[in-house]
Amino acid sequence: MTSSKEEKAIEIWTDGACKGNPGVGGWGVLLKWGRHEKELFGGELLTTNNRMEITAVIKALEAIKRPSRVVIHTDSQYVKNAMTKWLDGWKQNNWRTSNRKPVKNTDLWQHLDSLVQIHDVTWQWVRGHTGNPGNERADALANKGVEQLTCK
């Protein structure tokens with residue numbers, strides 16, 4: 001992938017939420033590029049928090065129309081570690097962990113892996129619920145995704 005060094009990165013904050021685990025879940029995304037902002041959210045009736053965390057990143061990357069420099073801010077160590085430490089090993093081991101157990105959420109990891117190949121992605125972990133404005137907005141959007149399913 002080629003991208004100009006001067007090109008401003010798209011800043012993305014993602015979060016997932018689940019009421020019950022498994023239970024009703026939601027995902028939220030805040031994308032920022034310069035003065036432009038876009039909010040996305042959605043949910044599923046029967047899911048897990050981890051699936052919603054991964055889905056948030058997938059939805060964020062799907063919203064980007066061309067190969068770009070991207071900084072993804074997530075409060076999920078699971079997502080960050082999977083993408084920066086574990087993914088290559090999972091692929092080499094035919095989607096099995098180091099303990100030879102099947103990787104959970106393989107469908108989402110494979111989809112996310114294909115999207116990451118399009119962009120120049122940097123992963124940033126942020127501590128959740130500590131007042132980080134981007135993370136707080138992503139959290140509110142994830143909860144909005146839950147509410148849209150539970151308030152019908």
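**Cysteines.** I looked up Cys151 and found it exposed, with 64% relative accessibility. This is a predicted model, and I read it as such. I then searched the whole structure for disulfides and found zero. Cys151 is in none. Its nearest cysteine sulfur is that of Cys18, 15 Å away. A disulfide here requires sulfur atoms within 2.5 Å, so the pair of Cys18 and Cys151, at 15 Å, does not count. Buried or exposed: which holds for Cys18? I noted a relative accessible area of 18% for Cys18, and the cut-off for buried is under 20%, so Cys18 is buried.

**Fold.** I listed the secondary structure of the protein chain next. It has four helices and five strands. In sequence order I wrote down β-β-β-α-β-α-α-β-α. The pattern opens with three strands. It ends on a helix.

**Cis peptide.** Where does Pro22 sit? I placed it in the loop between strand 1 (10-20) and strand 2 (23-33). The peptide bond joining Asn21 and Pro22 is cis. I noted omega at about 15 degrees.

**Positive phi.** I checked Asn105 and His129, neither of them glycine. For Asn105, phi is near 65 degrees. Asn105 lies in the loop between helix 2 (77-92) and helix 3 (106-116). I have Asn105 down as buried, at 14% relative accessibility. For His129, phi is near 60 degrees. I found His129 in the loop between strand 5 (120-125) and helix 4 (133-150). His129 is exposed, at 58% relative accessibility.

**Overall dimensions.** What radius of gyration does the protein chain have? I noted 15 Å. A compact globule of 152 residues would have a value near 15 Å, so the two agree. I also took the extent of the C-alpha trace along its principal axes, which is about 45 × 45 × 25 Å.

**Burial and contacts.** I counted burial over the 152 residues, and 46% are buried. I then turned to contacts between residues at least 6 apart in sequence. Of these, 66% join residues at least 24 apart.

**Surface and charge.** The protein chain exposes about 8,400 Å². I noted that carbon and sulfur atoms supply 49% of that area. For charge, I have 22 positive and 17 negative. How far apart are the mean positions of the positive and negative charges? I noted 3 Å.

Methods: Residues numbered from 1 in each chain as written. Predicted model: local features only at pLDDT ≥ 70, side-chain atom pairs only at ≥ 80, totals over all residues. Heavy atoms only, no water. Helix = DSSP H or I, 4+ residues; strand = E, 2+ residues; numbered from the N terminus. Rg over C-alpha atoms; globule rule 2.2 N^0.38 Å. Buried < 20%, exposed > 50% of the residue type's maximum accessible area, 1.4 Å probe, protein only. Contact = heavy atoms within 4.5 Å. Areas by Shrake-Rupley, 256 points an atom, 1.4 Å probe, with all protein chains shown as cover. Lys, Arg positive; Asp, Glu negative; His and termini not counted. Charge placed at Lys NZ, Arg CZ, Asp CG, Glu CD.
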